Amino acid sequence: MRNFSCETCGALVFFEDFVCGTCSSTLGFRPDERQVVTLRDGVSPSDHGSWLTCSNRDWGCNWLVHEDAGSGQCDSCRITRERPAATDTLALEQLSQAGYPKRRLMFQLYDLRLPIIPYYQVATHGLAFDLLSSATGERVITGHLNGVITLDLEEVNDPYREGLRVALNEPYRTMLGHFRHEIGHYYWQLLVGDTPRIDSFRAMFGDEQASYQEAIRRHYSQGAPAGWRENFISEYATMHPWEDFAECFAHYLHMRDTLQTAAATGLEVDAADTHRALGSGLYQPKLDYTGAEFAEVLSTWNVFTVAFNEINRSMGMRDIYPFTLLAPVVTKLAWIHQLVLDARLP
C-alpha cells in the first residue's frame, strides 16, 4: 500500500480513512487516480466529470464512483454479484468487514495494472464476487468457477477462521489471503488457460487436466505427500496444479504489497543485522518492481521477513511469515512475476 496525504492540510491519511484526523476534511478514494482525495459537499470534481460517494458508504466503503458510471456503487462494490439479503443484518455487517480486504485487493490489481473484466460487461467468465455467510444461511463453499469468486463471510469472525486454520494445519489464514488466492484462479483462466503459456505452465506446475475431484479426495484422505516443502509453498498447493498456481499467485501478491508498504513507510534493513548470508548491504524496498528481475524482489523479501518475524516475536506473537522459499518454489514465483509484468496494461 502507498502513502496518502490530505489535500487540505497535507497530513498523513490512510487508505481506509473517511475523515482526516488532523483537519476533519471528508475523504474518499478515487480509483482512477489511486488516491485518497478531499471531498467538498460529497463530491470530488475532475476535468471529466464529478466523483461521488459510493452508495455503500454507510457500510464502510470510502470509494468514489464517477457520475456517469451507471451505478451508485463503486467499482469494488459493484463487482459483488451476490450479497446477503437486506434483512440479514448480521451477514451485512460481515460483508462490511470483508470490504476492507476486498478493496485492498482491488487497489493492488489496479496498481499492478492487471486486466479486470467485470461480469456485467461480458456474457461469460467475467469477474464477480458472491459474498455470502454460512452464519445465517446455507453452508458457503469458498472457491472459484468461471470468473465467479465465492467467499464465506463467516471467516471475518476471528475465532471461526482461526479454528479452521488450526484444524487444517495452516500456518496462515486471512480474508485478504482468501481474496488473493481466489483471484489467482481468475488470472489463471484469463492469462494462462487456452493461451500459448499453457505448455510452460504445465512444465512448471503440472498438468491441470488431471481430475480435480480426484485430487480433492486424495488430498483430504491422505494429506500432503512426504517432503512436500521441497517443491510447494503450502500443503494445499500439493493438491492440484490449479491450487499450486493460486497459492503461489497469492504469495506473490503478499510479497509485492508488503514490500510496497515497507517502501512507503521508509523502512530499510541492513542484511548484516538480519540475513547475513546476503552480506551486509542496505536493502531498500521499492514502491514498484515493474521491469525488475524477480531476484531483486526475492533478496529484499528475504531480508525483510526475518526482521518482520523478529518484531512479531517481540510482541509475543507467532511469526508473521511462517514460510520457507526453496528453489523450486522460487522458480514458480519468478514465473508468476513475469506473467504479471507481461499482463500489465498500458
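**Entry 1: helix H4**

I began with helix H4, where 15 of the 17 residues are buried, so the helix is largely enclosed by the rest of the structure. I note here that the model is a predicted one. Next I checked the length of H4. Its 17 residues should span 24 Å at 1.5 Å a residue, and I found its end C-alpha atoms 24 Å apart, so the two values agree.

**Entry 2: the whole chain**

I then stepped back to the protein chain. I counted ten helices and 13 strands in it. Along the principal axes, the C-alpha trace spans about 60 × 50 × 45 Å. I looked up the radius of gyration and got 21 Å; a compact globule of 346 residues would have one near 20 Å, so the chain agrees with that expectation.

I asked what percentage of the 346 residues is buried. The share is 48%. For contacts with a separation of 6 or more, I noted that 56% are between residues 24 or more positions apart.

**Entry 3: helix H10**

I went to helix H10, which covers residues 327-343. It has 17 residues, and the distance from its first C-alpha to its last is 24 Å, close to the 24 Å expected at 1.5 Å a residue.

I listed the buried residues of H10; among them are Val-329, Val-330, Leu-333, Trp-335, Ile-336, Leu-339 and Val-340. Lys-332 and His-337 are also on the list of buried residues. Which helices do the buried residues of H10 pack against? I found H4 (175-191), H5 (198-205), H7 (241-264) and H9 (294-314). H4, my starting point, is thus one of the packing partners of H10.

**Entry 4: Leu-259 in helix H7**

I picked one residue of helix H7, Leu-259. Is Leu-259 buried or exposed? Its relative accessibility is 0%, so I entered it as buried.

Setting aside residues up to four places away in sequence, I found that Leu-259 touches Pro-285, Lys-286, Tyr-289, Val-297, Thr-300 and Trp-301. I also took a distance to Glu-296, which is 37 residues from Leu-259 along the chain. The C-alpha atoms of the two are separated by 11 Å.

**Entry 5: the cavity**

I looked for cavities of 30 Å³ or more and the count came to one. The space in this largest cavity is about 90 Å³. Its lining includes Arg-2, Gln-108, Asp-111 and Leu-112, and also Arg-256, Asp-257 and Gln-260. Leu-287, Asp-288, Thr-290 and Arg-344 belong to the lining too.

I asked which helix gives the most to the lining of the largest cavity. H7 does, with three residues. Helix H2 (89-111) and H7 each supply at least two. Sorted by class, the lining has six charged, three polar and two nonpolar residues.

**Entry 6: the second largest pocket**

I moved to the second largest pocket, which holds about 650 Å³ of space. I found 27 residues in its lining, and those nearest its centre are Tyr-172, Thr-174, Thr-258, Ile-320 and Tyr-321.

Helix H3 (158-167), H4, H7 and H9 each bring at least two residues to this lining. The largest share is that of H7, with six residues. By class I recorded twelve nonpolar, seven polar and eight charged residues.

**Entry 7: Val-148**

I looked up Val-148, which is in strand E11 (residues 148-152). Its relative accessibility is 15%; buried means under 20%, so Val-148 counts as buried.

Apart from neighbours within four places in sequence, Val-148 is in contact with Arg-81, Gly-126, Ala-128, Asp-130 and Gly-143. I also compared Val-148 with Gly-60: the two are 88 residues apart in sequence, and their C-alpha atoms are 23 Å apart in space.

**Entry 8: two positive phi values**

Last, I checked backbone angles at two residues. Ser-24 is not a glycine, yet its phi is positive, at about 70 degrees. I located Ser-24 in the loop between strand E2 (12-13) and strand E3 (27-30). Its relative accessible area is 55%, and I entered it as exposed.

Arg-34, also a residue other than glycine, has a positive phi near 50 degrees. Arg-34 sits in the loop between E3 and strand E4 (35-38). With a relative accessible area of 21%, Arg-34 is partly exposed.

Key: Residues are numbered from 1 along each chain as its sequence is written. This is a predicted model: local features need pLDDT of at least 70, side-chain atom pairs count only at pLDDT 80 or more; totals for chains, interfaces and linings use all residues. Side-chain values use heavy atoms; hydrogens and water are left out. Helices (H or I, at least four residues) and strands (E, at least two) are DSSP runs, numbered from the N terminus. The expected span of a helix is 1.5 Å times one less than its number of residues. Buried means under 20% relative accessible area, exposed over 50%, partly exposed in between (1.4 Å probe, protein chains only). Contact means heavy atoms within 4.5 Å. On a 1 Å grid over the protein atoms alone, a cavity is a set of points where a 1.4 Å probe fits but cannot get out, and a pocket is an open set with protein on both sides within 12 Å along at least five of seven lines; lining residues have an atom within 4 Å of a point. Grid points are joined across faces, edges and corners, and a volume is the space filled by probe spheres set on the points. Ala, Val, Leu, Ile, Met, Phe, Trp, Tyr, Cys and Pro count as nonpolar, Asp, Glu, Lys and Arg as charged, and the others, Gly among them, as polar. The radius of gyration is taken over C-alpha atoms; the globule rule is 2.2 Å times the number of residues to the power 0.38.
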